[in-house]
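Reader: I would like a close look at one part of this model, a strand in the interior, and then at how that part sits within the rest of the chain. Please keep it plain.

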Amino acid sequence: MEQHIIIIAEHDNGKIAPITFELIECAKILQQFTAASIKIFISGHDLSATAHHLAEKSGIDIIVITSSNPREPDETIFKDLPLNLLTDLNPLYICIAQNQKGLDFAPGLAIRLNAACITGVEKIIQRDDGLCFSRSLFNDKITADITSTAGTTILTIQPGIFKPKITNNSRPGTVSTITLPACPQKYHFKRYKKNQSDTSGIVDADVIVSAGNGIGKKENLDLIRRLARLFPKSHVGGSRPVCDKKWLPYNQQIGITGATVRPKLYIACGISGSSQHIAGMRDSKFIVAINKDPHSAIFNFADICIVEDAATFIPLFIDTYQENRFMD
Ligand SMILES: Cc1cc2nc3c(=O)[nH]c(=O)nc-3n(C[C@H](O)[C@H](O)[C@H](O)COP(=O)(O)OP(=O)(O)OC[C@H]3O[C@@H](n4cnc5c(N)ncnc54)[C@H](O)[C@@H]3O)c2cc1C
């Protein structure tokens, strides 16, 4: 029986999310090692145009899952999916985004399918005994290689890793729609409300100076701001803990749940370099990292590595810079 690699696509009100194309790229890599066909599942309402667009761009057959209850949110539609819709396709791999939505249903789906679930996949390696999936642990200090012995393996894929390639498809994929009966809900979804987080300033900056947990206290943000002011078209950013502690607003957070930035210069101050942070800044043109731990993962991505206490180094750097500037 033909095996399949299934992609669970994501969209935002019908706009295909970039991670969907990364999942397609990942599935294509998996396909090189298997004889499996690829299918895309997408759930939600009024997705006809979205699905046809995706079928055309990817050349892959799309299955739209919708609900007869027009108020049922996309995520719960997929949670209620009758299992035979998946098992009939004999799924070898199911590729899901490693994000809030994906992690909300991937483990449950693995239990329902009696499948393996490997999360945070960053790399696919071919070994003599089969495919191996790498993910980082402990803020990128350790890499775990994991193989699966299950018939079906669910993979949650780390965003920002599998960069989509532009391909010319000889034919668009087909689109079919399955409408599920409304399920009795244990909770009622009211509405989504977007937070008014405008990341436009940070996304357009030429230079970003970012603060991490390692700056120690909120008052040290002043050093980060002073450092940023040395550069024209600069902006201050931060890692998630810094925003969680309310030292900076969330529209200044860099990473998979924050902004994705590509400045000419990115200066990471007291940032460990977790994969979630790296996903938002890895395409910066030049990266400088200041961290007191010489084994910190951020140094794997930095062009210049400064092993120093940030609170000591930054004021010294600013003073030295200003002294030299006045000497010109
Ligand atoms: C689903 C999910 C989504 C996430 N999304 C994001 C995201 O979008 N963005 C994000 O940033 N994180 C995100 N995270 C959190 C992420 O996993 C890390 O916890 C976070 O990035 C760590 O932030 P940090 O490097 O500032 O702090 P830490 O991990 O605490 O690292 C602090 C670093 O500072 C160094 N340090 C300590 N003192 C000093 C000093 N005096 N001088 C210099 N260096 C010093 C330490 O050596 C260490 O490397 C997410 C996590 C999850 C689970």
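Author: What follows starts with one strand and works outward to the cores, the domains and the ligand.

The model is a predicted one. The strand to look at is β6, which covers residues 91-97. Seven of its seven residues are buried, so by the count of surrounding C-beta atoms the strand is mostly covered.

Strand β6 has partners in β1 and β11. Strand β1, residues 4-8, is joined to β6 by four bridges, and the two run parallel. Within that pairing, I6 stands opposite I94 of β6. Strand β11, residues 153-157, is linked to β6 by five bridges, and this pair is parallel as well. Here A97 has I157 of β11 as its bridge partner. In a regular strand, side chains point alternately to one face of the sheet and the other.

The largest nonpolar core contains 46 residues. Those that touch the most other members are I7, I8, L23, I42, I62, C95 and I154. Take I7 as an example: leaving aside residues up to four places away in sequence, I7 touches L23, I24, A27, I38, I40 and C95. A second core lies apart from that one and has 33 residues, including V209, A211, I215 and I224.

The domain assignment divides the chain into domain 1, residues 4-180, and domain 2, residues 200-327. Their C-alpha centres are 33 Å apart. Contact between them involves nine residues of domain 1 and nine residues of domain 2. On the domain 1 side, the touching residues are one nonpolar, five polar and three charged.

That leaves the ligand. There are 29 residues around the ligand, and G212, N213, G214, S239 and G255 come nearest. By class, this shell consists of seven nonpolar, 18 polar and four charged residues. Three helices each supply at least two residues of the shell: α8 (240-244), α9 (275-281) and α10 (310-327). Of the contributions to the shell, that of α9 is the most, at three residues.

To return to the part you asked about: β6 is buried at seven of its seven residues, with bridges to β1 and to β11.

Key:
Residues numbered from 1 in each chain as written. Predicted model: local features only at pLDDT ≥ 70, side-chain atom pairs only at ≥ 80, totals over all residues. Near = placed C-beta within 6 Å. Nonpolar A, V, L, I, M, F, W, Y, C, P; charged D, E, K, R; others polar. Buried ≥ 20, exposed ≤ 12 C-beta atoms within 10 Å, placed from the backbone. Pairing = 2+ DSSP bridges. Core = buried A, V, L, I, M, F, W, Y, C linked by C-beta atoms within 7 Å. Contact = placed C-beta atoms within 7 Å. Domains from an automatic or database assignment.
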